[in-house]
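Here is a briefing on a predicted model. It takes the strands first, then the aromatic contacts, then the surface.

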Amino acid sequence: MQGKILSTQLIIGDDGKHYEYDKNDVVNLGNKDLALLTGSQVDFVSFDERVAKSIYIINENVNVSGILSADRISSARAKALWGIGILIFSFIPDIGLQFFNFIPDIWQNIGYIIGIVIFVLYSMAIYSVSKAAASKSLFKNYIIALIISFLGLSLLMPVMPAIIMPAIIMMGVSAVLLFGGMLVLMEIYFYRIHAELARLSGSSLFLWSFWIYTVSVLLYFVFIIFTGFPSFVILVGFANIIKFVASAVSIIAWVIHFIAWWHFGKVEKR
């Protein structure tokens, strides 16, 4: 007989009757979360009119609302994977733009929308992990890191059109020191976030992705500094190569981060 999953304990058959079931009777469930599979088509047998046995999922339906609302590790994992996957994909036109110039300007406007989607999904993932793990520090550190990042960008953005070297002169020593201090604080809090994710998941890949991404950020700063010398054509040309390498290193970091989330199946108890 065939039917549809209504909840983690109930199936409605094609005959219109409701059947109770145990998740251990879902033969091909694997590591999937039943709460996220409501609406999936199943095939099952029943030896009475109340209980379903030998259940096979034949047409999987991912419950989007369940993914967005659940405070489970599996839900957090799904949000993070979607967010990081979109982010990695968004790097492709960025690299192409640097070397082939085949991406239309409209991509920049689309990029803002993509950025918001990535931010929302990843923020929800961190929140879900903090709730599932009953962590009092993970989401708090994440919010603090975001605030510091916003303040740092607010300080730097007004002078960015002047490019970094003239901009640094315009900012003054105190402003540069303040911005540098914010960068250090931001790194500290992002390290804490990745260290806790590594501890909770039991995977050091979170820390590897953090350090590799830090290298890419440093390369981006070298690129910005070199573009502050437009009179030196050699430096500007070298800067474009550095920007390409920085983008490639960023992709590597986010791919490792993606793999870390992919293997994040449960909270590691220590």
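Strand β2 (residues 10-13) has two unlike faces: Ile11 and Gly13 lie on the covered one, Leu10 and Ile12 on the uncovered one. In a regular strand, side chains alternate between the two faces of the sheet. Strand β2 pairs with β1 and also with β3.

**Strands and hairpins**

- Strand β1 (residues 2-5) runs antiparallel to β2, and three bridges pair them.
- Four residues make up the hairpin connection from β1 to β2.
- Strand β3 (residues 18-20) is likewise antiparallel to β2, with three bridges.
- The β2-β3 hairpin also has four residues between its strands. Glycine 16 sits in that turn, with a positive phi of about 85 degrees.
- Isoleucine 12 has a partner on each neighbouring strand. Lysine 4 stands opposite isoleucine 12, and histidine 18 in β3 is its bridge partner.

**Aromatic pairs**

- The whole structure holds 13 aromatic pairs.
- One of them joins tyrosine 122 and tyrosine 142 in a tilted arrangement, 6.3 Å centre to centre with 45 degrees between the planes.
- Tyrosine 122 belongs to helix α3 (residues 106-132) and tyrosine 142 to helix α4 (residues 138-156), so this pair ties together parts 20 residues apart in sequence.
- Both tyrosine 122 and tyrosine 142 are buried.
- Tyrosine 122 also pairs edge-to-face with tryptophan 261, at 6.0 Å centre to centre and 85 degrees between the planes.
- That contact links distant parts of the chain: helix α3 carries tyrosine 122, helix α7 (residues 233-262) carries tryptophan 261, and the two residues are 139 apart.
- Tyrosine 122 counts as buried because its relative accessibility is 12%. Tryptophan 261 counts as buried at 0%.
- A single aromatic cluster takes in Tyr122, Tyr127, Phe139, Tyr142, Phe206, Trp261 and Phe264.

**Charges over rings**

- Arginine 77 lies over the face of tryptophan 262, 5.0 Å from the ring centre.
- Arginine 192 places its charged end over the ring of tyrosine 189, at 4.9 Å from the centre.

**Nonpolar surface patch**

- Ile143, Ile147, Phe150 and Leu151 make a nonpolar patch on the surface. Together they have about 380 Å² of accessible area.
- Isoleucine 147 is part of helix α4. Is isoleucine 147 buried or partly exposed? At 47% relative accessibility, isoleucine 147 counts as partly exposed.
- Helix α4 thus carries both isoleucine 147 of the patch and tyrosine 142 of the tilted pair.

Terms used: Residues numbered from 1 in each chain as written. Predicted model: local features only at pLDDT ≥ 70, side-chain atom pairs only at ≥ 80, totals over all residues. Heavy atoms only, no water. Phe/Tyr/Trp six-rings, centres within 6.5 Å; stacked < 30°, edge-to-face > 60°. Buried < 20%, exposed > 50% of the residue type's maximum accessible area, 1.4 Å probe, protein only. Lys NZ or Arg CZ within 6 Å of the ring centre and 35° of its normal. Patch = residues over 30% accessible without salt bridge, like charges linked within 9 Å, V, L, I, M, F, W, Y side chains within 5 Å. Areas by Shrake-Rupley, 256 points an atom, 1.4 Å probe, with all protein chains shown as cover. Salt bridge = Lys/Arg side-chain N within 4 Å of Asp/Glu carboxyl O. Pairing = 2+ DSSP bridges.
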